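Visitor: Could you take one charged side chain and walk me through it closely? Please then carry on from there to other pairings and to the way the chains fit together.

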2 protein chains.
Amino acid sequence: MKSPFNSPFAAVLASALVLSASAVLAQAPPLPAPEATDPVKLELMKGFPPAPEKTVKLSSVLKFPNGRWAFHHMRELGPTAQVWRGDEKPSVLRESLLDLGSLGFESDRGGRTTLADWQHATFTDGLLVLHRGKVVYQKHYSGMAAHQPHSLWSMSKSFTGLLATILIKEGTIDPNALVTKYLPELKDSAWADATVQQTLDMTTGVAYSENFRDPNSGIFQYLHAAGLLPAPPTYAGPRTIPDLLVTIKKEGEHGAGFKYKTVDTEVMGWLLQRVTGKSYAALLSERIWSRIGAQDDAYVWADPIGTQITSVGFSATLRDLARVGEMMRLAGRYNGHQVVAEGVIAEIRKGGDSEKFKANGQAMRAGYSYHNQWWVPHDRDGTFEMKGLNGQHMHINPAAELVIVKLSSHPVGDTSFTHNADRHAFAAIAAALRSH
Amino acid sequence: MKSPFNSPFAAVLASALVLSASAVLAQAPPLPAPEATDPVKLELMKGFPPAPEKTVKLSSVLKFPNGRWAFHHMRELGPTAQVWRGDEKPSVLRESLLDLGSLGFESDRGGRTTLADWQHATFTDGLLVLHRGKVVYQKHYSGMAAHQPHSLWSMSKSFTGLLATILIKEGTIDPNALVTKYLPELKDSAWADATVQQTLDMTTGVAYSENFRDPNSGIFQYLHAAGLLPAPPTYAGPRTIPDLLVTIKKEGEHGAGFKYKTVDTEVMGWLLQRVTGKSYAALLSERIWSRIGAQDDAYVWADPIGTQITSVGFSATLRDLARVGEMMRLAGRYNGHQVVAEGVIAEIRKGGDSEKFKANGQAMRAGYSYHNQWWVPHDRDGTFEMKGLNGQHMHINPAAELVIVKLSSHPVGDTSFTHNADRHAFAAIAAALRSH
């Protein structure tokens, strides 16, 4: 099957998360025009059956522009587990809409832009801005309806980190214990002598690379094991997440420096399920979705033996993500009760070791740290964030009483085109609302 | 992978729908004890990861007892599309519970039984009885929660028939037109000179058999094409539903006699989507789920190119199915408005040609007819029914103001162990409620 954009972007899309923006920009061809890749205009998956060249399959999701359709239809491509919203009525999201589209600001590349242009240029599928708990701006694009869950990619990690922090604060998990206390299966793996906290903070020393440009990178083995990318016939590696994790070996020292690794999160997700005896989807429902007054069920991806993926497989709706962000902004109190203990939010917001964060190069995110699977910029407003492949972003700004959720299908996988662009836009929104 | 019950039941499970009960009974080994196959007690899919011998995969769903877990977890095994419940609050299902478990009656095999024993003996996963719109009895078993959709198997066909009848009554589809008026792709197939009505009533002449005991039966090609049963490496047949349908040839005459054929329904499902430009899941949401005040999203199975299966792939919750049944009982009026036009329900209830029904042997269902994908027994109470593999059943009895939904995971696929047993139980419930 050929994609209508079987272009040099296959390579760019696949740029590693660890690359700096300038390194990517130096080698990248020009981005396609967003309007030319609108999945509705392109007629992706339109018709019964869709035309062969417009058919998106699991094997071609990561080939741009298929993600423009697929990111809000992941469940139609493979196994998923329900994250139940519960039987209560949805919490009310009051609206007080502002015309923010014409808001002007200086972009990360220099020069003026507007909020409308920024959304367009960053291949936005959905944007929701909550100010003091009210919806002040909400847009859906790419044919995505408000009730359709969108792939969060690595924003999923922050949900795994949130669940882990809850269980740590409740005393169910000891952050200073070795991972193998809970998962003895990992005794011969990289995590044999790693602590829970090192794994949560991604300061483990693991022989694993997350380089999308290298076909031998661990990330491809991960995607094959997760069933997210069908393996070629010659593939003889692990076919499930547990089978993958036990094979990964140590490299370097634990606790020395931050290095972004999807497999650390999968270890944590496995651990959560082991100690609770509940699936990731059940935990997300029980601890979060059923308590925030979610409007819609969400879902998580499952591997071929039903292992639920805990690092990149979560899909949820824009409006429910906004509820999560608002709950986090309000120190866990939302929907008339304490959804998550205040200490859990405080632990996440305090961030990690900024020195260790720099160890493996994070020029684009200077000043940040990564703690319990959340991104903390240590800025004046006390913001904290979730981030994911292809431009997924949740930005929580307590000082500005602001929550922003942005879902996208940017052609470039890593956040080199979206992290700084989004941060500039978020700052402009905060400034505008402060003076409003 | 070996199943803990890799027994002679693999063969019995696979008995053809067209067999009579006595033919099956003559060759069948004794049924396993239901309590020995409770998926919770068996620990199917328990643990992270589950033990290999307790792991249910798509390839082993039809191997008993895996269905006892799988039938309420189908989405965890493959691609599905959301049938959205809409944004309105759920319609209220008032309760007025009665202790019907001890209700005694004469079973179809002779001898006395009780409603509790009947449920047990027929491997029930869920049972809901509505009398005059109130829930008088509701049970869930097998670890199935009230919010979990359960596979309806061929009850799906009745939903396809309901949608078709709606579109016929609205004038969008002409029942007397040839199928090829809407689906020119079928011009060289069995349906080249078949009408819509013949296809809806399954009186087409089609070279296709639905015999689960014959590995060369069309039903296996169907399951492979639908992606419901992974194909063996040697399989060279169609891999999508449209690709399958165009290859099927005519046999005999159209309109001569009823013969149960899943592929007739798939033609109708394809036709519905073609004329409306909307997917089956979208139609189910727009026409039914969002209008009855459904409490939960439902879902439909999709093949590898996203074709939504319209004959066996629908999963829904017990409580929402009860809402559908009540809407049908009340001639389409439910949840404060006319969900479906009265004429649609009248058309379905009138049934089909009882003489044609007998043409290919339906001893077990003497007196029935099949019309617009619904089973009509032409009995005194004016009942009409949906039926599906492994004991799925919806029974609507207007005279007794009664709706019964029964979801099961019986080891025998066809309804030879459930059709008559259920009918006896339904009659006992109707009699008990009449005198209540």
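Guide: Happy to. Let us begin with Arg287(B), which has a relative accessibility of 21% and therefore counts as partly exposed, the limit for buried being under 20%. Keep in mind as we go that this is a predicted model.

What does the side chain of Arg287(B) pair with? Its salt-bridge partner is Glu170(B), and the closest N and O atoms of the two are 2.6 Å apart. Arg287(B) sits in helix α11 (residues 280-289) of chain B, while Glu170(B) belongs to the loop between α6 (155-169) and α7 (196-201) of chain B, so this salt bridge ties together parts that are 117 residues apart in sequence. Glu170(B) is also partly exposed, with a relative accessibility of 46%.

From that pair we can move to a buried one in chain B. Glu385(B) and Arg423(B) bring their side chains together in a salt bridge with an N to O distance of 2.6 Å. This pair, too, links distant parts of the chain: Glu385(B) is in strand β13 (residues 384-388) of chain B and Arg423(B) in helix α15 (residues 419-434) of chain B, 38 residues apart. Here both partners are buried. In chain A, Glu385(A) and Arg423(A) belong to a network of salt bridges together with Asp379(A) and Lys387(A).

Another buried pair is found in chain A. The side chains of Asp296(A) and Arg319(A) form a salt bridge at 2.8 Å, N to O. Asp296(A) lies in the loop between α11 (280-289) and β7 (298-301) of chain A, and Arg319(A) lies in helix α12 (residues 318-329) of chain A, so far-apart stretches of the chain are linked, 23 residues apart. Asp296(A) and Arg319(A) are both buried. Over all chains, the structure holds 42 salt bridges.

How many salt bridges run between chain A and chain B? The count is two. For example, Asp87(A) forms a salt bridge with Arg319(B), with 3.0 Å between the closest N and O atoms. Across this interface, 12 residue pairs are in polar contact, with both residues at pLDDT 80 or more. On the side of chain A that touches chain B, the elements giving two or more residues are β1 (80-83) and α10 (262-276) of chain A. By residue type, that side divides into 15 nonpolar, 12 polar and eight charged.

Now for the extent of the interface. Chain A contributes 35 residues to the contact, and chain B contributes 35 residues. Between them the two chains bury about 2800 Å², with 53% of it on carbon and sulfur atoms. Phe48(A), Arg75(A) and Ile305(A) supply 28% of the area that chain A buries against chain B, more than any other three residues.

How are the two chains related? Chain A is superposed on chain B by a rotation of 180 degrees with 0.0 Å of shift along its axis, at an RMSD of 0.0 Å. That is the relation of a two-fold axis. The C-alpha of chain A nearest the axis belongs to Gly78(A), at 2.3 Å from it. Of the interface residues of chain A, 100% are also interface residues in chain B, so the copies meet through the same surface.

To finish, here is a buried polar spot within chain B. Ser409(B) is in the loop between β15 (402-408) and α15 of chain B, and its relative accessibility of 1% makes it buried. The side chain of Ser409(B) is joined to that of Asp125(B) by a polar contact of 3.0 Å. Leaving aside residues up to four places away in sequence, Ser409(B) touches several others, among them Phe64(B), Phe71(B), Phe123(B), Asn390(B) and Gly67(B). Gly67(B) is placed in helix α4 (residues 66-70) of chain B and is buried as well, with a relative accessible area of 4%. With the same sequence neighbours set aside, Gly67(B) touches Val61(B) and Ser409(B). The C-alpha atom of Gly67(B) is separated by 33 Å from that of Tyr334(B), which is 267 residues apart from it along the chain.

Conventions. Residues are numbered from 1 along each chain as its sequence is written. Chains are lettered from A and ligands numbered from 1 in the order in which they are written. This is a predicted model: local features need pLDDT of at least 70, side-chain atom pairs count only at pLDDT 80 or more; totals for chains, interfaces and linings use all residues. Side-chain values use heavy atoms; hydrogens and water are left out. Contact means heavy atoms within 4.5 Å. Buried area is the accessible area (1.4 Å probe) that two parts lose on being put together, summed over both. A salt bridge is a side-chain nitrogen of Lys or Arg within 4 Å of a carboxyl oxygen of Asp or Glu. A polar contact is a pair of N or O atoms within 3.5 Å; within protein, one must be able to donate a hydrogen and the other to accept it, and residues adjacent in sequence count only if both atoms are side-chain atoms. Helices (H or I, at least four residues) and strands (E, at least two) are DSSP runs, numbered from the N terminus. Ala, Val, Leu, Ile, Met, Phe, Trp, Tyr, Cys and Pro count as nonpolar, Asp, Glu, Lys and Arg as charged, and the others, Gly among them, as polar. Buried means under 20% relative accessible area, exposed over 50%, partly exposed in between (1.4 Å probe, protein chains only). Copies are superposed by least squares on the C-alpha atoms of residues with pLDDT of at least 70 in both.
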